[in-house]
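Hello, and thanks for sharing this one. Here are my notes, as numbered points, to read with the structure open beside you.

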Amino acid sequence: MSVLVYVEQVDGKFKKSVFEAVSYAKAIADKQGGGLTAISIGNVDENELKALGKYGASKILNVSNDQLKNFINQAYASIIAEAAKNENADVVVLSNSFSGKGLAPRIAVKLKAGLVDGAIELPQTDSGKFLVKKNAFSGKAFAVTELTSSVKIIALNPNAFGVKESGVDATIEAFSPEIKATDLTAIVKEIVRATNKVSLPDAELVVSAGRGLKGPENWGMIEELADLLGAATACSKPVSDADWRPHSEHVGQTGIAISPNLYIAIGISGAIQHLAGVSSSKVIVVINKDPEAPFFKVADYGIVGDAFEVVPKLIEALKAH
Ligand code: FAD
């Protein structure tokens, strides 16, 4: 069985979720007794590409093309599908990131392949079936999907599978598939990032706040706490609806779904729609002045107290270390 993993670059660098996807793909290849090839699109330097060998990719297809340096859904999907055909890949793995969510179904259509997006575990193949587990109903249940197509696509949830080093020597091959003009009708020329803060979908630590903060003027302490921890900031829906915070920070059923290692919820009640996007966090810490707040039921650690007293004390303690 041959496995292909798409390694998504941002500004020529790979994020941790890429190493997770490579480690996951390597584990599938090892279990099935096959090889692992990675495909990178855009301008990534050789050292960065070679580092993928550390996680088990023995061959790296490098599509280096200035026109493709920024993400273009159609063109990237066509190239990955082409590479999968060339490599006779039985399984294609990618990260269930923002761009992965757009790519996976397009690749699936091109390869007439079955797809599981948001996978959280390695496929179970012992019964002779190819079964992939994912979260369902906003994290309230699991779904196990059988993929019966000859090519199978799996989009792995970030933070669901640990990075594993296997130390393989990677060879890099230039890959220059023909790119159709129709795949380049919308070209992203430049991406300017507004801040250098931690990106929420990939963050391992998240400090989130809700309506309990009373107003946007009180977010200084939330940002300070997040900066001290190296965390991303998030918020509940009413907070972004009221324009206290940008919509890109809204987590939950109608916002972003995240699964960081640590989620600190400050002045958030823990409504079911909020929990839908954060309940797969590994550790949840809740700070709320109401001991009956529903969030405490799912918290690993809880502080019953006023955010305006607790958060400054946390900041003080972190600064003292
Ligand atoms: P509140 O419910 O007002 O809670 C504020 C909390 O702060 C309270 O628990 C209070 O005890 C505490 N508090 C107050 N003062 C302090 C203080 N000084 N110190 C400490 N704690 C304090 N919500 C989302 O977040 N994400 C979603 O994706 C989402 N999708 C939705 C989809 C639908 C279809 C619907 C109907 C609703 C959705 N909601 C969503 C809204 C959701 O139902 C809740 O209304 C919302 O999550 C509540 O936000 P909150 O906890 O910030 O505010």
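1. Which polar backbone atom is 3.2 Å from a nitrogen atom of the ligand? That atom belongs to Lys 289. Please keep in mind as you read on that this is a predicted model.

2. Two further pairs of atoms are worth displaying at the ligand. On the side-chain side, Gln 273 places a polar atom 2.8 Å from an oxygen atom of the ligand. On the backbone side, an N or O atom of Ala 307 lies 2.8 Å from a nitrogen atom of the ligand. As for cover, the ligand on its own has 990 Å² of accessible area, and the protein covers 76% of that.

3. Next, the surroundings as a whole. There are 26 residues around the ligand, and those that come nearest are Ser 236, Thr 254, Ser 269, Gln 273 and Asn 288. Gln 273 thus appears among the nearest residues as well as in the side-chain pair with the ligand oxygen. By class, the shell holds 14 polar residues, 6 nonpolar ones and 6 charged ones.

4. Which helices each supply at least two residues of that shell? They are α6 (237-241), α7 (272-278) and α8 (307-320). If you run a pocket search, note that the ligand takes up the space of the second largest pocket.

5. A few places away from the ligand shell discussion also deserve a look, beginning with Glu 20. This residue is part of helix α1, which covers residues 16-32. Is Glu 20 buried or exposed? Its relative accessibility is 3%, so Glu 20 counts as buried, the limit being under 20%. The side chain of Glu 20 has a polar contact at 2.8 Å, and the partner is the side chain of Lys 16.

6. Two residues stand out in a backbone check. In general, most residues other than glycine have a negative phi. Asn 88 is not a glycine, yet its phi is positive, at about 50°. Asn 159, also a residue other than glycine, has a positive phi near 70°.

7. Their settings can be set side by side. Asn 88 sits in the loop that runs between α3 (73-86) and β6 (91-95), while Asn 159 sits in the loop between β10 and β11. Asn 88 has a relative accessible area of 59% and is therefore exposed, the limit being over 50%. Asn 159, with a relative accessible area of 10%, is buried.

8. The loop between β10 (152-156) and β11 (171-174) also contains Ser 166. At 35% relative accessibility, Ser 166 is classed as partly exposed, because that value falls between the limits for buried (under 20%) and exposed (over 50%). For a distance check, take Ser 166 and Phe 137: 29 residues separate them in sequence, and their C-alpha atoms are 35 Å apart in space.

9. Ile 258 belongs to the loop between α6 and β14 (262-266). Its relative accessibility of 3% makes Ile 258 a buried residue. How far apart in space are Ile 258 and Gly 277, C-alpha to C-alpha? The distance is 6.0 Å, with the two positions 19 residues apart in sequence numbering.

10. Val 207 lies in strand β12, residues 205-209. With a relative accessible area of 0%, Val 207 is buried. Its C-alpha atom is 6.1 Å from that of Tyr 263, a residue 56 positions away along the chain.

11. Last on my list is Gly 56, in the loop between α2 (46-50) and β5 (59-63). Gly 56 is buried too, at 2% relative accessibility. Gly 56 and Cys 235 are 179 residues apart along the chain, and 37 Å separates their C-alpha atoms.

Terms used: Residues are numbered from 1 along each chain as its sequence is written. This is a predicted model: local features need pLDDT of at least 70, side-chain atom pairs count only at pLDDT 80 or more; totals for chains, interfaces and linings use all residues. Side-chain values use heavy atoms; hydrogens and water are left out. A residue is near a molecule or strand if one of its heavy atoms lies within 4 Å of it. A polar contact is a pair of N or O atoms within 3.5 Å; within protein, one must be able to donate a hydrogen and the other to accept it, and residues adjacent in sequence count only if both atoms are side-chain atoms. Accessible areas come from the Shrake-Rupley method with a 1.4 Å probe; for residues, only the protein chains shown count as cover. On a 1 Å grid over the protein atoms alone, a cavity is a set of points where a 1.4 Å probe fits but cannot get out, and a pocket is an open set with protein on both sides within 12 Å along at least five of seven lines; lining residues have an atom within 4 Å of a point. A molecule sits in a cavity or pocket if more than half of its atoms lie within 2 Å of its grid points. Helices (H or I, at least four residues) and strands (E, at least two) are DSSP runs, numbered from the N terminus. Ala, Val, Leu, Ile, Met, Phe, Trp, Tyr, Cys and Pro count as nonpolar, Asp, Glu, Lys and Arg as charged, and the others, Gly among them, as polar. Buried means under 20% relative accessible area, exposed over 50%, partly exposed in between (1.4 Å probe, protein chains only).
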